[in-house]
Amino acid sequence: MSSEDSEDTAGRLPSEAELAEMNRDQLLKLGGQLDGVELVDYPEPWPVKGTRAEKRAERLIALWFTIAGLAGLAFVVGLIWWPWQYKAPGQSGTFLYSLYTPVLGVTLGLTILGLGVGILLYTKKFVPQELAIQERHDGEGKGSPEIDKKTIVAHLEDAGSRSTIARRSLVKRSMGFAGGALGLGLIGLPVASFIKDPWKDSNGPDSLWHTAWQPQYPGEVVYMRRNTGRPEDIVLLRPEDLDAGGLETVFPFRESERGNPEALSAVFLRSDSPVMLIRLRPEDALRVVKRKGQEDFNFGEYYAYTKVCSHVGCPVSLYEQRTNRLLCPCHQSQFDVLQYAKPIFGPATRALAQLPITVNDEGYLVARGDFIEPVGPAFWERKQ
């Protein structure tokens with residue numbers, strides 16, 4: 001708005017000294033005049049202070065903020081201390097484990113809901129619902145002059161004062177409690193990942209560098225085991241068990257686990273255990289391009305790759321026999337088995353980790369050792 005327009009509206013613009021001496025009400029009135037705003041109605045939400053209805057509205061708002069705060073604290077407690085480790089159906093603790101995700105969803109959702117309802121109720125009950133008419137004008141791309149800055153601050157202060165937030169300590173405390181609990185929950189989400197140190201035992205099977213296929217001592221034989229759906233069943237694979245062009249998901253087995261129901265079922269719960277054992281057709285095996293340094297990781301027509309996608313860790317579970325491609329259903333990455341499971345489509349940028357395998361003296365397919373690189377997606381310490 002030009003200075004001529006302002007003079008037409010307000011008659012004469014006050015100087016900076018006069019602006020400094022004006023109180024909030026005067027600045028509020030001046031700002032309306034400069035902006036061409038006419039307040040048709042500007043009622044007090046509660047003309048009579050301290051009525052039962054006013055106090056009841058304040059307590060209702062504080063109740064919603066308190067619910068949000070308690071739900072936020074419950075979210076943090078559930079995130080850290082609720083039983084989160086997988087329990088198979090029928091195992092002790094299955095019911096509590098099945099509630100882990102619902103508990104997080106309900107408590108976080110209730111926190112956001114409580115805050116939202118409390119803010120909406122406060123706006124409806126205590127913020128003045130003014131009715132104003134304003135003439136539209138073009139600012140011509142100019143910055144705001146000092147007089148506009150002063151008057152807008154006065155408008156904001158007046159809105160805050162008329163909303164009576166300053167004297168409503170119950171609402172302020174409950175809203176601060178709810179906001180703090182939500183903030184604690186949002187901070188807790190990334191911080192929770194640091195509770196368990198992934199490098200506490202960097203050479204152990206639970207570190208990011210190794211998997212369940214790592215031998216527990218030199219010379220230990222790690223067999224390839226079929227999953228029948230019954231953890232107590234021990235079915236070890238021989239080369240003749242897989243047809244040409246076939247794929248089977250296999251898991252590690254050690255003789256030390258025989259007769260130990262807990263150990264036999266635990267291997268199926270590890271995310272790094274599943275390996276895709278693939279037997280190529282003879283004509284396809286002749287066209288294989290092997291990865292440098294891993295030329296002897298296969299056994300004839302048999303190749304083994306981790307089932308954990310190198311993009312974000314989803315299970316690569318689809319095998320297209322005709323094209324010899326592995327497909328990840330999450331984000332449609334495709335890996336060419338004839339080129340060391342190199343990605344040829346989708347967001348994945350690294351080949352699937354290959355497990356070195358062979359056949360032992362008993363005729364069983366076994367792992368020659370652990371993967372020589374981490375399986376799954378990248379992490380900070382991984383260089384490539």
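How many bridges join strand S9 (residues 325-327) to strand S10 (residues 334-336), and in which sense do the two strands run? In this predicted model, 3 bridges join S9 to S10, and the two strands run antiparallel. Within this pairing, Arg325 has Asp336 in S10 as its bridge partner.

**The open sheet and the loop after S10**

The pair S9 and S10 belongs to an open sheet of 4 strands, which follow one another in the order S8-S9-S10-S11 with antiparallel pairing. Strand S8 (318-320) and strand S11 (342-345) stand at the edges of this sheet, and because each has a single partner strand, one side of each is left without a neighbour in the sheet. From one strand to the next, the twist averages 35°.

The loop between S10 and S11 holds Tyr340, and Ala341 is found in that loop as well. Tyr340 is not a glycine, and yet its phi is positive, at about 45°. Ala341, which is not a glycine either, has a positive phi of about 55°. As for their surroundings, Tyr340 counts as partly exposed because its relative accessibility is 22%, where the cut-off for a buried residue is under 20%. Ala341, by contrast, has a relative accessible area of 0% and is therefore buried.

**Strand S6 and its two partners**

Another part of the model centres on strand S6 (residues 275-279), which is mostly covered, with 4 of its 5 residues buried. Strand S5 (residues 247-253) is joined to S6 by 4 bridges, and these two strands run antiparallel. In this pairing, Thr249 stands opposite Met276, a residue of S6. S6 also pairs with strand S7 (residues 302-306), again in the antiparallel sense, and here there are 5 bridges. Across this second pairing, Ile278 faces Tyr303 of S7, the two standing opposite one another.

The strand pairings with their bridges are set out below.

| Strand pair | Bridges | Sense |
|---|---|---|
| S5 and S6 | 4 bridges | antiparallel |
| S6 and S7 | 5 bridges | antiparallel |
| S9 and S10 | 3 bridges | antiparallel |

**Helix H6 and the helices packed against it**

Turning to the helices, which one packs against helix H4 (residues 52-81), and at what angle? The partner is H6, and the two helices pack at an angle of about 160°, with their axes 8 Å apart. That angle makes H4 roughly antiparallel to H6, since angles over 145 degrees count as roughly antiparallel. H4 passes H6 in a crossing that is left-handed. The residues that make this contact divide into 21 nonpolar, 6 polar and 3 charged.

H6, which spans residues 100-126, also meets helix H8 (residues 169-191): the axes of these two helices come within 10 Å and cross at roughly 150°. This crossing angle makes H6 roughly antiparallel to H8, and the crossing of H6 and H8 is left-handed. On the H6 side the contact is made by Leu108, Thr111, Ile112, Leu115 and Tyr122, while H8 contributes Val171, Ala178, Gly179 and Leu182. These residues of the contact of H6 with H8 divide into 7 nonpolar and 2 polar, with no charged residue.

Technical notes:
Residues are numbered from 1 along each chain as its sequence is written. This is a predicted model: local features need pLDDT of at least 70, side-chain atom pairs count only at pLDDT 80 or more; totals for chains, interfaces and linings use all residues. Side-chain values use heavy atoms; hydrogens and water are left out. Buried means under 20% relative accessible area, exposed over 50%, partly exposed in between (1.4 Å probe, protein chains only). Two strands pair if DSSP finds at least two bridges between them. Axes are lines fitted to C-alpha atoms, for helices over the stretch in contact, and angles run from 0 to 180 degrees between N-to-C directions. Angles under 35 degrees count as roughly parallel, over 145 as roughly antiparallel, 65 to 115 as roughly perpendicular and the rest as oblique. A crossing is left-handed if the near helix is turned anticlockwise from the far one by less than a right angle, and right-handed if clockwise. Contact means heavy atoms within 4.5 Å. Ala, Val, Leu, Ile, Met, Phe, Trp, Tyr, Cys and Pro count as nonpolar, Asp, Glu, Lys and Arg as charged, and the others, Gly among them, as polar.
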